[in-house]
Amino acid sequence: QFAPLQIAASTLLGIASVSLSYLAFRVMFGRSIAIVSTLLLAVSAWHLHYSRIAFVPIGWLPAQMATLLFLFLGLRYGSPVWFALSGAALGAGMYTYQAFPIFVLGLGMALLWLAATYYRHRLRLFASWVFMMLGVALLVALPLGAFAGSHPDVFLGRYRRYSVAESPGYKAADGLFERARYLTAREGEYIRALVSDPIPDAVDAAGVFPLLNPVALGLLVAGLAIALWRARSPPYAAALIITIVIGIGPALVSEGFYRRTLGLTPFLAAIAALPLSVLWDEARKRSLRLTAAATLIVALAVGSVAAIDLGRYFTSYTDHPSARWVYGVEMAEASRYVTRFPKDTSVYFYRSRWSFDYGVRQFLAPDARGEDRSTKFSDHADSLSADRSRDVLYVFLGEYADQLDVVQQLYPGGRPFRAVDDTGTLLFTSYFLPRAGTGVPVP
């Protein structure tokens with residue numbers, strides 16, 4: 001019953017992350033970069049995907065961008081209120097997703113860099129601002145810290161579980177050099193997955209196609225050169241350092257490349273926006289005609305990114321085997337099929353991958369009444385017995401699909417059904433058996 005709220009929350013967090021990215025980059029880099037980067041972020045399949053699937057990683061982005069927005073407002077105006085708000089957003093971010101600390105690490109390194117360079121002659125003042133921010137962050141995150149302290153196995157167990165140190169490849173590496181080479185190879189695998197050789201994620205089905213299309217990649221390479229040229233500016237230095245730190249995250253985890261680096265998406269959009277914003281700004285300084293031409297180029301570039309990413313995402317993505325497997329197309333179709341029968345029909349559900357109480361079924365067929373009959377989820381393991389005092393609907397998925405022939409032999413006179421998709425692939429089989437003494441209604 002909470003699925004609609006989860007979907008709505010995911011969508012709203014996605015919208016908030018785009019809005020906060022605009023505001024943060026408006027303060028950090030100016031209006032042109034903020035506008036173009038926001039457009040690129042909004043049409044990014046990487047960002048769009050996590051905004052739509054009701055999955056916790058999307059909560060990372062609003063907290064991250066709010067932290068940067070308030071931090072750079074504080075650096076601009078010197079008011080402790082902004083640093084306190086930045087700390088509050090930073091502390092709140094710790095509740096969003098387990099990979100958020102990689103942003104905290106990147107932010108910490110960026111602040112150290114700024115302290116050693118740009119603010120070295122005002123170090124005491126800068127330190128007071130940072131301590132204000134960190135103090136509020138610790139205060140906000142205190143309940144989570146208390147929970148982690150009292151339940152270390154629960155809180156830290158997931159970090160250990162997904163640590164690269166637990167992966168077979170890392171354990172097999174002999175010595176420091178071999179382990180460093182293994183980590184470098186994993187980082188290279190991640191970069192290739194983003195641009196050319198995608199690796200579909202078995203949990204959220206991201207990475208079905210490269211998340212950085214050729215147009216975005218070209219803009220990103222050009223933008224990186226500009227960002228490095230401007231790296232003496234605190235906003236550019238901070239953005240580059242945070243990007244690098246988050247970007248090395250995949251070398252440290254055993255799985256979940258894309259969601260554990262979701263924090264990169266606003267920064268990559270900002271960097272990719274740089275060549276377009278420079279062109280736009282330079283044209284606006286010269287003439288109206290050049291401004292119009294530059295605006296057209298910007299629109300074509302953003303439109304090309306949108307056409308490639310959105311075209312892939314809303315067409316070929318849904319038909320990809322990895323996406324179909326992760327999101328359980330057969331479970332969804334079987335759940336919709338169940339709703340065609342009277343509410344008092346007893347559903348006997350057979351599938352070792354999902355229980356009858358799986359969220360997809362509860363969302364699509366909330367009024368259905370049934371029980372599990374698979375070996376994994378049921379005490380009636382693999383039983384085909386039926387309560388003949390009720391209408392019964394057998395639903396067979398996956399490895400149980402061939403049980404349709406068996407149940408037909410046990411209880412002749414029912415109505416068999418085989419569901420296939422547009423490609424002819426079998427989704428599930430079912431058998432409707434009316435209660436004893438009645439006919440077979442057509443659902």
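Tutor: Buried means under 20% relative accessible area. Keep that cut-off at hand. The model here is predicted.

Student: Why is Ala 205 counted as buried?

Tutor: Its relative accessibility is 0%, so Ala 205 falls under the cut-off and counts as buried. Ala 205 sits in the loop between helix H10 (175-195) and helix H11 (214-229).

Student: What is phi of Ala 205?

Tutor: Phi of Ala 205 is near 65°, a positive value in a residue other than glycine. Most residues other than glycine have a negative phi.

Student: Ala 54 also has a positive phi, near 55°. Why is Ala 54 called partly exposed?

Tutor: Partly exposed lies between under 20% and over 50%. Ala 54 has a relative accessible area of 31%, so "partly exposed" is the right term. Ala 54 lies in the loop between helix H3 (45-52) and H4.

Student: How do you know that the span of helix H5 (residues 80-93) agrees with what is expected?

Tutor: Take 1.5 Å times one less than the number of residues. H5 has 14 residues, so it should span 20 Å. Its end C-alpha atoms are 20 Å apart, which agrees.

Student: Which helices do the buried residues of H5 pack against?

Tutor: They pack against helix H4 (60-77), helix H6 (100-116) and helix H7 (123-150). The buried residues of H5 include Phe 83, Ala 89 and Leu 90.

Student: What makes H13 roughly antiparallel to H14?

Tutor: Angles over 145 degrees count as roughly antiparallel. Helix H13 (residues 264-286) and helix H14 (residues 288-319) pack at about 165°, with their axes 7 Å apart. That is over the cut-off, so H13 is roughly antiparallel to H14. Their crossing is left-handed. Among the residues that meet there are Leu 276 and Trp 280 in H13, and Ala 294 and Val 298 in H14.

Student: Why do strands E2 (369-372) and E4 (415-420) each have one side without a neighbour in the sheet?

Tutor: The order of this open sheet of five strands is E2-E1-E3-E5-E4, with mixed pairing. E2 and E4 stand at the edges, each with a single partner strand, so one side of each has no neighbour in the sheet. Neighbouring strands are turned by 20° against each other on average, direction ignored.

Student: What makes E3 (residues 392-397) and E5 (residues 426-433) a pair?

Tutor: Pairing needs at least two bridges. E3 and E5 have six, in the antiparallel sense, so they pair. Leu 397 stands opposite Phe 428 in E5.

How values were computed: Residues numbered from 1 in each chain as written. Predicted model: local features only at pLDDT ≥ 70, side-chain atom pairs only at ≥ 80, totals over all residues. Heavy atoms only, no water. Helix = DSSP H or I, 4+ residues; strand = E, 2+ residues; numbered from the N terminus. Axes fitted to C-alpha atoms, helices over the stretch in contact; angles between N-to-C directions. Buried < 20%, exposed > 50% of the residue type's maximum accessible area, 1.4 Å probe, protein only. Contact = heavy atoms within 4.5 Å. Parallel < 35°, antiparallel > 145°, perpendicular 65-115°, else oblique. Left-handed = near helix turned anticlockwise from the far one by under 90°.
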